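Grab your viewer and work through these exercises one at a time. Try each task before you read its solution.

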Amino acid sequence: MPATPLTVVIFGASGDLTARKLVPALFNLHRRGRLPAGTRVLGVSRTQYDDNGFRNELQEKISNFFRSAGEEWHETEWAEFAQCLHYVATDPTAPGGMVPLQNWFAEKEGPAGGQRLYYLSVKPELYPSMSTVLGEAGFAQENGGFRRLVIEKPFGHNGATATELNRTLHKHWQESQLYRIDHYLGKETVQNVLIFRFANTLFEPLWNYQYIDHVQITAAETVTVGSRAAYYDTSGVLRDMFQSHILQVMTLVAMESPGRYSADSLRNEKMKVLDAISVPKVNGKPQVVVGQYEGYRSEKGVPAGSKTPTFATVKLNVDNARWKNVPFYLRSGKGLKSRYSEIMIQFHCPPHLMFPLPPGEVLQCNRMTLVIQPNEGIHLNFQAKVPAVDGVRLQPRDLSFSYKDAYAGQALPEAYERLLLDAIHGDASLFMRSDEIERAWEIMDPIIQATEAADAPDPEEYLLGSQGPADAVKMMAADGRTWHALP
Ligand SMILES: NC(=O)c1ccc[n+]([C@@H]2O[C@H](COP(=O)([O-])OP(=O)(O)OC[C@H]3O[C@@H](n4cnc5c(N)ncnc54)[C@H](OP(=O)(O)O)[C@@H]3O)[C@@H](O)[C@H]2O)c1
């Protein structure tokens, strides 16, 4: 726990992420008594507010979010929490723009100093200039208290820009001061992958090529791009979802157990997986299918002939002894049938089956599904005998664990609560290191380039509310496999 007073400084304080995620997470941490005593939250952006104006603006937005999500609004606790909210209107990147911040800290912290967690919740183009002006103003120097910088994704647009961003950050910041956030890793069910694998003896012996046929990782959304269309069109699903969220989940599924639970031990093991990933090719091209939901090109801000994919599937290998010949199929998209994320482990079929199957019926071999959202849980699918006095009929059934049932009345913490608290405590286990980011781009760049090449076919259109484009099904069928259907 920090010994001297903590200030969480949010750059981009008048923006969407601040109101929708960051301040609600800090408010909930305050309600749970998890914020260090005397914590201040300082909002910084160019919009003119005074402290009270900022507090009122946030109260209105956040109480509406709580109510529209059917959650109770805690008026009294908010009034108490709001006292720690402060605001400075400035553009730190403009000439003299750091002065109001320097004055604020001189007044509030005084000579005793304090701990500071800076959060860059501004558009990515500002990360280099903002981290630099902070560094130049001495805001990275840990004289008496920690100085940490949280950076939101996206971390670059490709490998070259990510490397350049890291280089710029490292001019003023030590790697240990940098917290690159991927909120997916803050999800309880994603962290549970490690507990499930490494705190149980039951599954780990099966977790390899001898028993596993393939792995599917899915992150499906029903929402379309909506008001983010103009931004999204410059990114697309491969950058937006695969480069960080999905590859990060894949590392947790595939990694070896670190010797101890520490940020660098964990990240070293994740890095080994990223290092071992290869992209299988057919006719010299990566195995990737891209799609676009019907109507995407008519979204406001999307150019008429846009080839930006809103759906993709990618096949990857992990070239090590554990995962020999076990493909990982990754899938993500918008405008799909359901909002559903899972890791599906498909085990091999029994080498010999003595039970006759009805003509045309294929055995559904064991599979384990770790559902990340919604209805978080774990399902083990196995064959059972249908009760009958004659004959033997098999039927796949589920052995299920559901968070909702197991922890009834206990809401799963929001990812941002967990991650902000970890950053305050200096635990970087769930944040990404520079080498992970750069290697992830190294994997994704050739795949993205293949889909963006001048001679690349247009993304296949798929119906809103569907399972995605037909080519994704064909890609699996060519390998003699099928997708686990979206529920
Ligand atoms: N929203 C999400 O759900 C989400 C999810 C994942 C990642 N992210 C990432 O989080 C970051 C913030 O996203 P957002 O949706 O909150 O964006 P946003 O709504 O556009 O907010 C950007 C903020 O930056 C401020 N700003 C712009 N230029 C500034 C400057 N020179 N000095 C100080 N403040 C400045 C803006 O306020 P003023 O105009 O008042 O200065 C505004 O408060 C982005 O990098 C985004 O990619 C967002």
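**Exercise 1. Find the residue with positive phi that follows helix 5, then say how well the helix is covered.**

Step 1. Helix 5 is followed by G138, and the phi of G138 is positive, near 85°. Helices here are DSSP runs of H or I with at least four residues, strands are runs of E with at least two, and both are numbered from the N terminus. Before going on, note that this is a predicted model, where local features need pLDDT of at least 70, side-chain atom pairs count only at pLDDT 80 or more, and totals for chains, interfaces and linings use all residues. Residues are numbered from 1 along each chain as its sequence is written, and side-chain values use heavy atoms, with hydrogens and water left out.

Step 2. Helix 5 spans residues 127–136 and is mostly covered, with seven of its ten residues buried. Buried means under 20% relative accessible area, exposed means over 50%, and partly exposed is in between (1.4 Å probe, protein chains only).

Step 3. The buried ones are Y127, M130, S131, T132, V133, L134 and G135. Their cover includes strand 1 (6–11), strand 4 (115–120), strand 5 (147–151) and helix 6 (159–172); contact means heavy atoms within 4.5 Å.

**Exercise 2. Track down the cis peptide bonds at P154 and P374, and place each proline.**

Step 1. K153 and P154 are joined by a cis peptide bond, omega about 5°. P154 sits in the loop between strand 5 and helix 6.

Step 2. From Q373 to P374 the peptide bond is also cis, with omega near -15°. Look for P374 in the loop between strand 15 (367–373) and strand 16 (377–385).

**Exercise 3. Check N325 and N375: what is the sign of phi, and are they buried or exposed?**

Step 1. N325 isn't a glycine, yet its phi is positive, about 60°. Its place is in the loop between strand 12 (311–318) and strand 13 (328–333). With 65% relative accessibility, N325 counts as exposed.

Step 2. N375 isn't a glycine either, and its phi is positive at about 45°. N375 belongs to the loop between strand 15 and strand 16. Its relative accessible area is 52%, so N375 is exposed.

**Exercise 4. Describe how helix 2 and helix 3 pack.**

Step 1. Two packed helices are described by the angle between their axes and the distance between the axes. Axes are lines fitted to C-alpha atoms, for helices over the stretch in contact, and angles run from 0 to 180 degrees between N-to-C directions.

Step 2. For helix 2 (residues 51–68) and helix 3 (residues 75–82), the angle is about 145° and the axes are 12 Å apart.

Step 3. Who makes the contact? On helix 2 it's R55, L58, Q59, I62 and R67, and on helix 3 it's E75, W78 and A82. By class, that gives four nonpolar, one polar and three charged residues. The classes: Ala, Val, Leu, Ile, Met, Phe, Trp, Tyr, Cys and Pro are nonpolar, Asp, Glu, Lys and Arg are charged, and the others, Gly among them, are polar.

**Exercise 5. Start from H30 and look for its contacts.**

Step 1. H30 is in helix 1 (residues 16–31). Its relative accessible area is 23%, so H30 is partly exposed.

Step 2. Leaving aside neighbours within four places in sequence, H30 is in contact with L35, E77, E80 and F81.

Step 3. Now take W78: H30 and W78 are 48 residues apart in sequence, and their C-alpha atoms are 9.2 Å apart in space.

**Exercise 6. Do the same for S434.**

Step 1. S434 is in helix 13. Its relative accessible area is 14%, so S434 is buried.

Step 2. With neighbours within four places in sequence set aside, S434 is in contact with N166, H170, E175 and R180.
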